[in-house]
Amino acid sequence: MPDVTVVGGGPAGSLSARLLAASGLDVVVLEEHKQAGVPMHCAGMLSPETIRLSGVQPEILGTVNSADVIFPDGRVLEVGRRTPMIYAVDRADLDRKLADKACEFGADFRYGVKCNRAVTDSKCATVDTNAGTIRSDIVVGADGPSSKIALSVGHNLPLEIIVGMQTDIKYRMEDQERMVLRLGSSVAPGFFSWQLPMGDITRVGLCVSPPLRPADYLKNLLKISGLEDREKVQKFSGKIPIGGRRTSYANRTLLIGDAAGQIKPVSGGGLFPIFKAAPILNDTVNSAYNLGVFNSSVLALYERGWKKAFGREISKGARMRSLYTKMDDEQMNYVGKLFDTPEIKDSLGMIDFDDPSNVVRPILSQKGIKTGMLKVYLGKGR
Ligand SMILES: Cc1cc2nc3c(=O)[nH]c(=O)nc-3n(C[C@H](O)[C@H](O)[C@H](O)COP(=O)(O)OP(=O)(O)OC[C@H]3O[C@@H](n4cnc5c(N)ncnc54)[C@H](O)[C@@H]3O)c2cc1C
């Protein structure tokens, strides 16, 4: 019987497996697909710090140090800096490298194994799969936005799900260091769209809230961007669970990544939280082994740990998202006008993609901004 069964061989599963195996535990990873990294769902926008935390070097497809933020009335806010804001990475390559590294540390990856549910009792955690049952001391649910393991611990759906779609187009953007973000109800209601330079390829995508369909908006976005007639190389879609879940632990069970709802609500980025959460998960599992106790009172250490590490950022982001989703196009245009000053654009240029709320204070300290934003908060500001 392995010590730990990790369900899901994405970044959350692979990094957790690597750390647990490096601690000397016997780890099995169950992945429903035939290989790591496919199908791919992600835009691959990662900060330099996120790449560092991953412990591997994924292929870099683009380096972005500035952005044109386009408001519904066409106003363009150019924000930027000299150093890289984000990298566009080959996400499939990142997943593969994370899985390979976990294998190097001794994790046993079993591909083509789909898990249906997990049950726990005082003796073990039992995972039901299409290839039989697997028993272990602990199960780690790293099975993404539609996690079966998250639901095995009772009512634990994410608060909100948004859906994204993106396509890679054969087109070389003139400025290879500048991405384009578009806001507004006709482009990506409740979220934003992105256009990323990746050499001879441009990645274009967006997210919307169901029942809206991202495919309808993507078509319009390509038209607005003048890219509708360009050759599409590939297309991906995926869900992003936003707003957290009720719990990330239970008896003999820990959840990580999308399965735990560890997503940045403003950007929809999930990799930075994963890479911060995995070492905390590993420490918690090791504490449980030291004590020989695998119940929820010991595993609660994990949730306390990750909430201390980045929970505040998630809750601040959730408040920012709540205000953002209430704004109509006229209010967005009003904010665009308010923010169109050299000082605020400088502050926005310094944004930390892993902690975007760090720009709130410098922005609010600018003359007239607090009053303007209060108007927006009160449903005015048009
Ligand atoms: C359109 C889009 C764009 C995004 N862009 C970014 C971005 O630019 N930057 C960023 O940081 N984040 C981005 N994200 C979010 C990011 O992709 C996720 O947060 C991240 O993939 C979560 O990793 P994970 O390991 O938790 O889950 P996943 O990557 O979903 O991996 C889960 C794994 O579990 C497997 N699995 C699922 N169910 C089972 C089962 N029952 N049995 C066995 N295996 C199972 C899956 O096959 C998969 O391999 C984006 C998401 C979307 C949808």
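Across the chain of this predicted model, the count of salt bridges comes to 18. Three of the individual pairs are set out below, with the closest approach of nitrogen to oxygen and the relative accessibility of each partner.

| Salt bridge | N to O distance | Acidic partner, relative accessibility | Basic partner, relative accessibility |
|---|---|---|---|
| Asp340 and Arg75 | 2.7 Å | Asp340, 28% | Arg75, 25% |
| Arg172 and Asp200 | 3.1 Å | Asp200, 55% | Arg172, 48% |
| Asp328 and Arg382 | 2.6 Å | Asp328, 27% | Arg382, 53% |

The salt bridge between Asp340 and Arg75 links distant parts of the chain, 265 residues apart, with Asp340 in the loop between α8 (329-339) and α9 (342-349) and Arg75 in the loop between β5 (66-70) and β6 (76-80). Asp340 counts as partly exposed, and Arg75 counts as partly exposed as well.

The salt bridge between Arg172 and Asp200 likewise joins distant parts of the chain, 28 residues apart: Arg172 sits in the loop between β13 (160-170) and β14 (178-182), while Asp200 sits in the loop between β15 (193-198) and β16 (201-208). Here Arg172 is partly exposed, whereas Asp200 counts as exposed.

In the salt bridge of Asp328 with Arg382, the acidic residue lies in the loop between α7 and α8 and the basic one in the segment after α11 (369-377), so the pair ties together parts that are 54 residues apart in sequence. Asp328 is partly exposed, and Arg382 is exposed. Apart from these pairs, Asp68, Asp175 and Arg178 are linked in a network of salt bridges.

The domain assignment divides the chain into domain 1, made up of residues 4-42, 91-159 and 243-312, domain 2, which covers residues 162-242, and domain 3, which covers residues 322-377. The C-alpha centres of domain 1 and domain 2 are 30 Å apart, and the contact between the two domains involves 16 residues of domain 1 and 11 residues of domain 2. Between them, domain 1 and domain 2 bury about 1,100 Å², of which 59% is on carbon and sulfur atoms. On the side of domain 1, the residues that lose the most area to domain 2 are Met40, His41 and Pro145, which together account for 34% of what that side buries.

As to polar interactions across this interface, there are 0 salt bridges between domain 1 and domain 2, but 4 residue pairs are in polar contact, with both residues of each pair at pLDDT 80 or more. The residues on the side of domain 1 that touches domain 2 comprise 8 nonpolar, 7 polar and 1 charged.

Two buried residues complete the picture. Leu227, placed in the loop between α5 (214-224) and β17 (232-242), has a relative accessible area of 2%, and because this is under 20%, Leu227 counts as buried. Leaving aside neighbours within four places in sequence, Leu227 is in contact with Ile169, Tyr171, Gln195, Thr202, Val204 and Leu222; for one of these, Ile169, the C-alpha atom is separated from that of Leu227 by 7.7 Å, although the two residues are 58 residues apart along the chain.

Glu303, found in helix α7 (residues 296-326), is also buried, with a relative accessible area of 14%. Not counting residues up to four places away in sequence, Glu303 touches Thr247, Ser248 and Tyr249.

Methods: Residues are numbered from 1 along each chain as its sequence is written. This is a predicted model: local features need pLDDT of at least 70, side-chain atom pairs count only at pLDDT 80 or more; totals for chains, interfaces and linings use all residues. Side-chain values use heavy atoms; hydrogens and water are left out. Domain bounds come from an automatic or database domain assignment. Contact means heavy atoms within 4.5 Å. Buried area is the accessible area (1.4 Å probe) that two parts lose on being put together, summed over both. A salt bridge is a side-chain nitrogen of Lys or Arg within 4 Å of a carboxyl oxygen of Asp or Glu. A polar contact is a pair of N or O atoms within 3.5 Å; within protein, one must be able to donate a hydrogen and the other to accept it, and residues adjacent in sequence count only if both atoms are side-chain atoms. Ala, Val, Leu, Ile, Met, Phe, Trp, Tyr, Cys and Pro count as nonpolar, Asp, Glu, Lys and Arg as charged, and the others, Gly among them, as polar. Helices (H or I, at least four residues) and strands (E, at least two) are DSSP runs, numbered from the N terminus. Buried means under 20% relative accessible area, exposed over 50%, partly exposed in between (1.4 Å probe, protein chains only).
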